[in-house]
Amino acid sequence: KIDVNYIIHAGKPHIISSIKYEIPDTAISRIVLRDSTRRSINSGDRLNRDDLDAERTLILERLRNNGYYAFKKDYITFIADTTAGNKNVDLTMLISQPTEVVDSALASTGHQTYHIRNVHIITDYDMVRDTTSFSATDIVVHNGLNIYYNNDKYLNPQTIDEKCYIRPGDMYRVNSINRTYESLGQLGILKYINIEAKQVPNSTL
């Protein structure tokens, strides 16, 4: 056996001296810069990869609570500018635009906000039986919710309505989905809850 001792000299950390934002989409810029008290990174902080990733996650959540259903974390990047012999870092956050092929060339497109078009609730879904389609024996429309029943109506429309925070016409918000998960889970009678958003044309869901 050999005993190995490691001596590590970490050195001085890099410190964020300034933060600059390059966000070409003005609507997204307003949302990102609106609440400076909720940022994970600030001038004077140590440069830390985990903090940068936490900031990306925070911005992603904030945008998805403001209708940006299709926004992805990959759109957010950081550039750290350091000077040789200096531990100060000028940090730049960039939020890029999505792209699509137009006339055989890549073109930037704007980030879209999405609204809920229809809400369909299947009360007797079987993960094994109904992998491709679902056949309902009854459909009830209650307060804009399309509720699909099979043979057993073990949940009445009023109960479903009270537990659902996703409404047709509302802006897409991930918090509404999470609240619906939590509220339905409190019923206890449900073995499986899954909420799936499917994108359809014209900036709706």
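Start with the whole protein chain on screen: of its 205 residues, 29% count as buried, where buried means under 20% relative accessible area, exposed means over 50%, and partly exposed lies in between (1.4 Å probe, protein chains only). Before you click further, know that this is a predicted model, in which local features need pLDDT of at least 70 and side-chain atom pairs count only at pLDDT 80 or more, while totals for chains, interfaces and linings use all residues. Residues are numbered from 1 along each chain as its sequence is written, and side-chain values use heavy atoms, with hydrogens and water left out.

**The whole chain**

Switch to a cartoon view. You'll find four helices and eight strands; these are DSSP runs (helices H or I, at least four residues; strands E, at least two), numbered from the N terminus. Follow the chain from the N terminus and the elements go β-α-α-β-β-β-β-β-β-β-α-α. The radius of gyration, taken over C-alpha atoms, is 24 Å, well over the 17 Å from the globule rule (2.2 Å times the number of residues to the power 0.38), so the protein chain is more spread out than a compact globule. Spin the C-alpha trace around: along its principal axes, it spans about 75 × 60 × 40 Å.

Now turn on a surface. About 13,700 Å² of the protein chain is exposed, with carbon and sulfur atoms supplying 47% of that; the areas come from the Shrake-Rupley method with a 1.4 Å probe, and for residues only the protein chains shown count as cover.

**Two crossing helices**

Next, select residues 26-33 (helix α1) and 49-64 (helix α2): their axes come within 10 Å and cross at roughly 120°. Those axes are lines fitted to C-alpha atoms over the stretch in contact, and angles run from 0 to 180 degrees between N-to-C directions. Show side chains for Ile28, Ile31 and Val32 of α1, plus Ile59, Arg62 and Leu63 of α2, which make the contact (heavy atoms within 4.5 Å).

**Two loop stops**

Jump to aspartate 124, in the loop between β6 (119-122) and β7 (138-142). At 27% relative accessibility, this aspartate counts as partly exposed. Add tyrosine 149 to your selection: aspartate 124 and tyrosine 149 are 25 residues apart in sequence, yet 6.5 Å apart in space, C-alpha to C-alpha.

Last, pick asparagine 143, in the loop between β7 and β8 (145-149). Check the backbone here: asparagine 143 isn't a glycine, but has a positive phi of about 50°. With 54% relative accessibility, asparagine 143 counts as exposed.
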